[in-house]
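Thanks for making room for me this morning. I would like to walk you through one strand and its partners, and then through the empty spaces in the model, so please have the structure open.

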Amino acid sequence: ATTEIYTLSLHDALPIYDNCLLKIVQLDELMSIRHSIFLMGPSGTGKSECWKNLAGARIKQGDKATIRDLDPKAILTTDFYGYVNLATREWKDGIFSCLMREFANAPDTNSKWIILDGDLDANWIENMNSVMDDNKLLTLPNGERIRLVDHVKMICEVFDLQYASPATISRCGMVWVDPKDLGYRPYYEKWIRERYGNTTLDEVDSEQGLQLLELFDRFVPCSIDYILLGLVDGEMGEKLTQCVPVTNLNGVRQLCSFLDAYLDVDLGGANAIEGLFVFSLMWSVGGQLVESSKPKYDMFVKKNCAYDVGVAGTYYNNYFDVEMSSWTPWSERVGDYVEPQPFNFYEVFVPTTDSELYADILKIGRAHV
């Protein structure tokens with residue numbers, strides 16, 4: 001468990017997204033009538049940003065919110081609530097019981113929030129019913145009772161209520177954060193702003209930054225619509241198949257990570273930047289596609305390219321050489337087989353196109369991390 005005080009800077013507050021602002025207001029209004037709240041929604045929808053921005057707004061008003069964030073699913077139930085050692089009959093406090101006692105004995109009345117960030121589990125949530133109802137009491141196995149004071153709130157960040165009982169659901173307020181409220185564009189816009197001066201998009205004066213923003217608008221929204229929804233030029237078709245389901249936000253995050261790994265190199269011009277962007281796009285947004293879907297996505301991307309890049313085959317079969325600003329087949333990068341000396345069968349490694357491809361991508365990822 002950690003304590004953090006969140007503040008808002010000018011750049012973090014711009015631009016304002018009305019749907020996100022609505023969720024912050026809903027959370028604030030719900031806190032005035034409920035002490036236990038569920039923030040629901042898939043990963044990447046902005047649930048954490050919702051309570052962080054609310055905490056920052058309260059700080060501006062003089063209410064210094066103290067926040068403890070923990071994942072109950074990462075902790076054994078005995079370590080979460082506490083337990084009695086059967087051999088010595090000694091009581092051992094749990095993390096949650098310590099937090100409750102600390103907040104209950106705090107001398108000030110500033111806001112104090114306990115964030116339970118993790119999936120619901122009957123092993124721990126059912127024991128929370130007496131805390132969530134009007135009694136606000138946590139009864140521990142050793143007989144101790146800790147009351148939740150008025151300025152202490154519990155916020156559960158959850159994906160759904162699949163494992164919550166009706167008794168638990170009826171005791172809490174609910175705020176549903178829809179994935180469409182925030183989307184993936186704010187993440188990319190923030191990445192552009194921070195990389196090119198930490199300013200607003202209207203003040204970005206870098207030619208490279210402006211071109212990357214144009215490339216994002218040209219490639220990413222239509223790619224995500226095609227891969228996840230099967231939507232092409234406003235017409236619904238067959239969506240592509242992913243070997244591992246990836247959300248639109250995760251695809252954009254991977255795209256930004258790819259670009260971060262390469263953009264420090266001096267690029268030649270607009271063609272080189274677009275080539276690098278397309279290469280990063282294929283292995284981020286389109287990197288999780290199965291083999292049968294990759295040629296379809298390759299043709300889709302080629303239709304949106306502004307320049308004749310002269311790629312032999314698909315983009316997936318080629319590597320963009322940043323230094324030469326050209327596309328090179330992965331097969332030309334495969335090294336010769338070298339027999340291990342002394343010869344041990346378990347040390348034999350025969351390089352192939354796939355081994356070179358994925359080893360290069362993983363090397364880029366490790367260097368960037």
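Let me begin with a pair of residues: Ile37 stands opposite Ile155 in β9, where strands, runs of E over at least two residues, and helices, runs of H or I over at least four, come from DSSP and are numbered from the N terminus. Ile37 belongs to a pairing in which strand β2, residues 36–40, runs parallel to β9 with 5 bridges between them, and two strands count as paired if DSSP finds at least two bridges. Strand β6, residues 112–117, also pairs with β9 in the parallel sense, over 6 bridges, and here Leu116 stands opposite Cys156.

Before going on, a word of care: this is a predicted model, in which local features need pLDDT of at least 70 and side-chain atom pairs count only at pLDDT 80 or more, while totals for chains, interfaces and linings use all residues. Residues are numbered from 1 along each chain as its sequence is written, and side-chain values use heavy atoms, with hydrogens and water left out. The mean pLDDT, the predictor's confidence in each residue from 0 to 100, is 83 for the protein chain, and 89% of the residues reach 70 or more.

How many residues of β9 are buried? For strand β9, residues 152–158, the count is 7 of 7, with buried meaning under 20% relative accessible area for a 1.4 Å probe, protein chains only. In a regular strand the side chains alternate between the two faces of the sheet. In β9, Val152, Met154, Cys156 and Val158 are on one side and Lys153, Ile155 and Glu157 on the other, and both sets are buried.

Now to the empty space. The structure holds 1 cavity of 30 Å³ or more, a cavity being a set of points on a 1 Å grid over the protein atoms alone where a 1.4 Å probe fits but cannot get out. The space in this largest cavity is about 60 Å³, a volume being the space filled by probe spheres set on the points, which are joined across faces, edges and corners. Its lining, residues with an atom within 4 Å of a point, includes Ile224, Gln242 and Asn248. Two or more lining residues come from each of α10 (207–229) and α11 (248–262), and α10 gives the most, with 3 residues.

Notes. Buried means under 20% relative accessible area, exposed over 50%, partly exposed in between (1.4 Å probe, protein chains only). On a 1 Å grid over the protein atoms alone, a cavity is a set of points where a 1.4 Å probe fits but cannot get out, and a pocket is an open set with protein on both sides within 12 Å along at least five of seven lines; lining residues have an atom within 4 Å of a point.
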